[in-house]
Amino acid sequence: QVQLVESGGGLVQPGGSLRLSCAASGSMMRSSTMDWHRQAPGKQRELVAAIGTGGTPTMYADSAKGRFTISRDNAKNMVYLQMNSLKPEDTAVYYCYARLWGSWGQGTQVTVSS
């Protein structure tokens, strides 16, 4: 099992950037594909991006392609989501997910508004 803690959310203007971080307990995170998901009010949780154990492969939802970048640092047990050119429709709670254990973090709120 692994504990996940997200950080880095906040309020940003349209066109701005944020970098989300996900800290994993222990050293076993390197064994799992890691995801970022998001859930907007009144909508289902959706997969935003995923990254393989060694940093590849990566995949992105169509809504994230060209704007978001997922990365990981296994030595630090960290996963990141760099979000650029943010839009109001990116407003959601963003969650980190470890597929190997089915573990979720508590989420971090991202609000894109002028």
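Buried means under 20% relative accessible area, exposed means over 50%, and partly exposed lies in between (1.4 Å probe, protein chains only). The legends below use these words throughout.

The structure is a predicted model, in which local features need pLDDT of at least 70, side-chain atom pairs count only at pLDDT 80 or more, and totals for chains, interfaces and linings use all residues. Residues are numbered from 1 along each chain as its sequence is written, and side-chain values use heavy atoms, with hydrogens and water left out.

**View 1. Three aromatic residues, Y95, Y97 and W104, gather in one cluster.** Rings of Phe, Tyr and Trp (its six-membered ring) count as a pair if their centres lie within 6.5 Å; planes under 30 degrees apart are called stacked, over 60 edge-to-face, and the rest tilted. By that rule the structure holds two aromatic pairs. One of them joins Y95 to W104 in an edge-to-face arrangement, with 6.2 Å from centre to centre and 90 degrees between the planes. In the pair of Y97 and W104, the centres are 4.3 Å apart and the planes meet at 40 degrees, so this pair is tilted. How buried or exposed are the three residues? Y95 is buried, at 12% relative accessible area, and Y97 is buried too, at 18%. W104 has a relative accessible area of 36%, so W104 is partly exposed.

**View 2. R45 lies over the faces of aromatic rings in this cluster.** A charge is said to sit over a ring if NZ of Lys or CZ of Arg is within 6 Å of the ring centre and within 35 degrees of the ring normal. R45 meets this for Y95, lying 3.7 Å from the ring centre. The charged end of R45 also sits over the ring of W104, at 4.4 Å from the centre.

**View 3. R38 takes part in a network of salt bridges with E46, R67 and D90.** A salt bridge here is a side-chain nitrogen of Lys or Arg within 4 Å of a carboxyl oxygen of Asp or Glu. The structure holds five salt bridges. One of them joins R38 to E46, with the closest N and O atoms 2.7 Å apart. R38 is buried, at 6% relative accessible area, while E46 is partly exposed, at 35%. D90 also meets R38 in a salt bridge, 2.9 Å from N to O. That contact links distant parts of the chain: D90 is in the loop between β8 (78-83) and β9, R38 is in strand β4, and the two are 52 residues apart. Both D90 and R38 are buried.

**View 4. R99 and D35 form a salt bridge.** Their closest N and O atoms are 2.8 Å apart. Which parts of the chain does the pair link? R99 is in the loop between β9 (92-98) and β10 (103-104), whereas D35 is in strand β4, 64 residues apart. D35 is buried, with a relative accessible area of 2%. R99 counts as partly exposed, at 40% relative accessibility.

**View 5. Strands β4, β5 and β6 follow one another through two hairpins.** Helices (H or I, at least four residues) and strands (E, at least two) are DSSP runs numbered from the N terminus, and two strands pair if DSSP finds at least two bridges between them. Strand β4 (residues 34-39) pairs with strand β5 (residues 46-51) in the antiparallel sense, over five bridges. Within this pairing, H37 has L47 of β5 as its bridge partner. Six residues lie between the two strands of this hairpin, where G42 takes a positive phi near 75 degrees. Strand β5 is also joined to strand β6 (residues 58-60) by three bridges, again antiparallel. Here A49 stands opposite Y60 in β6. The hairpin of β5 and β6 has six residues between the strands, and G55 in the turn has a positive phi of about 105 degrees.

**View 6. Four strands build an open sheet in the order β1-β3-β8-β7.** The pairing in this sheet is antiparallel. Strands β1 (4-7) and β7 (68-73) are the edge strands, each pairing on one side only. From one strand to the next the twist averages 15 degrees, where axes are lines fitted to C-alpha atoms (for helices, over the stretch in contact) and angles run from 0 to 180 degrees between N-to-C directions. At the β1 edge, β1 pairs with strand β3 (residues 18-24) over four bridges in the antiparallel sense. In that pairing, V5 stands opposite A23 in β3.
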